[in-house]
Amino acid sequence: MSRSAHPAGPRYADVLPEGHYTAPPADLNVLDAHVWSRTVTRDADGVVTVAGLKATALAEEFGTPAYFLDEEDFRARCRAWRDAFGTEADVFYAGKAFLSRAIVRWIHEENLNLDVCSSGELLTALDAGMPAERIALHGNNKSTEEITRAVEAGVGRIVLDSFQEIARVAHIAERLGKRQRVLIRVTVGVEAHTHEFIATAHEDQKFGLALGGGQAAEAVRRALKLDGLELLGIHSHIGSQIFDTSGFEVAAHRVVGLLRQIRDEHGVELPEIDLGGGLGIAYTAEDDPREPHEIATALREIVTRECRAAGLTVPRLSVEPGRAIVGPTAFTLYEVGTVKELPGLRTYVSVDGGMSDNIRTALYDAEYSVALASRASTAEPMLARVVGKHCESGDIVVRDAFLPADTAPGDLLAVPATGAYCRSMASNYNHALRPPVVAVKDGAARVIVRRETEEDLLRLDVG
Ligand SMILES: *Cc1c(COP(=O)(O)O)cnc(C)c1O
C-alpha cells in the first residue's frame, strides 16, 4: 500500500492496487493496446515502432532518455473529448499535465479550450496563438502580475480561489476598465481516486472555498457585488486518476445545491458549472478507464438530473481533462546501463534517466508498465525493478515489472503513458539534463521541446 495511504487514495495522487503483478504476462513481447498510444506496434524485426518509426532509430537520432509523443493519438483524444461533450459543453485541456507551443497549437486546432495555472503557462499559451477568451486561469495564489497579465490579455475565465483573490481580481479588472468573467472554485468535500471516493463535510486542502460552513456562499455574495467581476458559475475538481463517476455524482449534487441557494438568495441562476478534471488512464494492463463518451453521458445525465430536481435551468458544463488527453500519447525511451541481480529477490535494471524525468513513481507510488523496445525476446520473464541513475534509493521508474531475463546493457526500454506529469514535473536533480519531447507522426519525428544542454545548466549558474 502507498506511503501516503488515504481512504480514497493519496490526495490527488495514485495508489498501488493490492496483490499487483503476481504473475508474469503470457508473452512479454505483446504490447497491450490500451497502455500504448495508438500507432505503437512491434514490427517484424521485433522492434517497438511509433508512427512507423523504430525505437532504435529514434534513440540513435534523438538520444535517450527522451519522450516520444504520438501526435495522431493526441489529436484523436482531443477530438474524442470534444465530440463526446458536443457543442453544449466546453472541454478545457489542463495544460499543467504537459504544455508546449506545439501542444497549444494542436489544442487550438482541435477546438479545445485551455487551462493554465501560472504566468509561464499563460505566456506559452498566448505566445503560441491560443485565443485568450478560450483560456482559463487557475491557481490558489495567483500573483498580482499573473492576474494583471491574464486580465489584460482578456482570458475567458479566472477561477477564483480565495476571498483575497475575489477582491484582487475585481480591483485589477476595474483599474483596467474591464469586467472579468470568473468562476468560484468550491470544495465540495469529495475526494475521488480510481474506483473510490470519500465524501465529508469539509476538505482539508489548500484549494477552493468550502461549501460546508458557508464560505462558498459568502464568496458568491461578494463576487456578485463587485463591478469588476462577472460571475459565470461554480468550479469543482475532486481528484485524479478517477475511473468511476460516482464521486462526480456527489460533487454535482452539492454544486447544484449551491446554485439553488444562489438563486433563492440572489434571484440569479448562474449559467455555468465546471466539474474539473481528474479522469483516469491505463498505466498498466489492469487499469480500465472509461471512454470519453461514457464519461460525457454520465456527467451530462448527473447534472441534468440534479438541476431538474432543483428546478434550475441546466447550466453549461465544462470539464478539464489533462492526463486523459496527453497521458497515453507518449512513452519514455531509456537505455539500460547496468543489470544487477539480487538472488531470490529481483533484478535491478538501471536506465539513463529516472526521477528527474518521471517523479511520479517516487512521489505517488505511481505504477507503470515497461517493455523491451529494441528487440523481441524469448527469454523467461524475470521480476525486475527499473531504476534511474540518481543518488537516491527511491529513484524508481517502474517498481514491479516483468522483463525478459536476457535484458542487458545497451537494450532500450520503453515506459508507456508518460505524457502527463512527467516532462512537466521534470527536474535537474543531480544536474540531469531534462529530456526532449519528440513529436512523431506519419513516419516523421520533430523535436517540440529540445533536450537541455550543459550550456543550459551552466547558464543559470552565474558563478
Ligand atoms: C490538475 C487539474 C486538472 C487536470 O487533472 P487531470 O488529472 O490531469 O485530468 C483539471 N482541473 C484542475 C482544477 C486541476 O487542478
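Reader: Over how many bridges do strand 2 (residues 48-50) and strand 3 pair?
Author: This is a predicted model, in which local features need pLDDT of at least 70 and side-chain atom pairs count only at pLDDT 80 or more, whereas totals for chains, interfaces and linings use all residues. Residues are numbered from 1 along each chain as its sequence is written, and side-chain values use heavy atoms, with hydrogens and water left out. Strands (E, at least two residues) and helices (H or I, at least four) are DSSP runs numbered from the N terminus, and two strands pair if DSSP finds at least two bridges between them. Strand 2 and strand 3 run in the antiparallel sense, and the number of bridges over which they pair is 2.

Reader: Which residue in strand 3 stands opposite V50, and which are the edge strands of that sheet?
Author: In strand 3, the residue opposite V50 is L53. The open sheet has 3 strands in the order 1-2-3, with antiparallel pairing. Each edge strand pairs on one side only, and these strands are strand 1 (41-42) and strand 3 (53-54).

Reader: How many residues of strand 10 (residues 190-194) are buried?
Author: A residue is buried at under 20% relative accessible area, exposed at over 50%, and partly exposed in between, with a 1.4 Å probe and protein chains only. By this criterion strand 10 is mostly covered, and its count of buried residues is 5 of 5.

Reader: Which strands pair with strand 10, and in which sense, parallel or antiparallel?
Author: Toward strand 11 (residues 196-199), strand 10 runs antiparallel with 4 bridges, A192 stands opposite F197, and a hairpin makes the connection through 1 residue. With strand 14 (residues 239-242), strand 10 has 3 bridges in the parallel sense, and there H193 stands opposite S240. The partners of strand 10 therefore include, in the antiparallel sense, strand 11, and, in the parallel sense, strand 14.

Reader: Which residue is the bridge partner of A136 in strand 8 (residues 157-160), and are the faces of that strand covered or exposed?
Author: Strand 7 and strand 8 pair in the parallel sense over 2 bridges, and the bridge partner of A136 in strand 8 is R157. R157 is buried together with V159 on one side of strand 8, while I158 and L160 are buried on the other, so that both faces are covered.

Reader: Why do the buried residues of helix 4 (residues 119-127) lie on the same side of that helix?
Author: The buried residues of helix 4 are S119, E121, L122 and A125. They lie on the same side of helix 4 because, judged by the directions from the helix axis to the C-beta atoms, they cover an arc of only 160°.

Reader: What covers the buried residues of helix 4, and what is the phi of G129 just after that helix?
Author: Taking contact to mean heavy atoms within 4.5 Å, the cover of these buried residues includes helix 3 (101-109), strand 6 (113-116), strand 7 (135-137) and helix 5 (144-153). G129, which comes just after helix 4, takes a positive phi of about 90°.

Reader: Which residues does A432 touch, and how far is it from L457 in space?
Author: A432 is found in the loop between strand 22 (412-416) and strand 23 (437-441), and it counts as buried because its relative accessibility is 17%. Leaving aside residues up to four places away in sequence, A432 touches S356, H390, S427, E452 and L457. A432 and L457 are 25 residues apart in sequence, and their C-alpha to C-alpha distance is 8.7 Å.

Reader: Near what value is phi of N430, and is this residue buried or partly exposed?
Author: N430 lies in the loop between strand 22 and strand 23, and its phi, a positive value in a residue other than glycine, is near 60°. Because its relative accessible area is 39%, N430 is partly exposed.

Reader: Near what value is phi of N111, and what is its relative accessibility?
Author: N111, in the loop between helix 3 and strand 6, is a residue other than glycine with a positive phi, near 65°. N111 counts as partly exposed because its relative accessibility is 48%.

Reader: Near what value is omega of the peptide bond from T64 to P65?
Author: P65 lies in the loop between helix 1 (55-62) and strand 4 (66-70). The peptide bond from T64 to P65 is cis, and its omega is near -10°.
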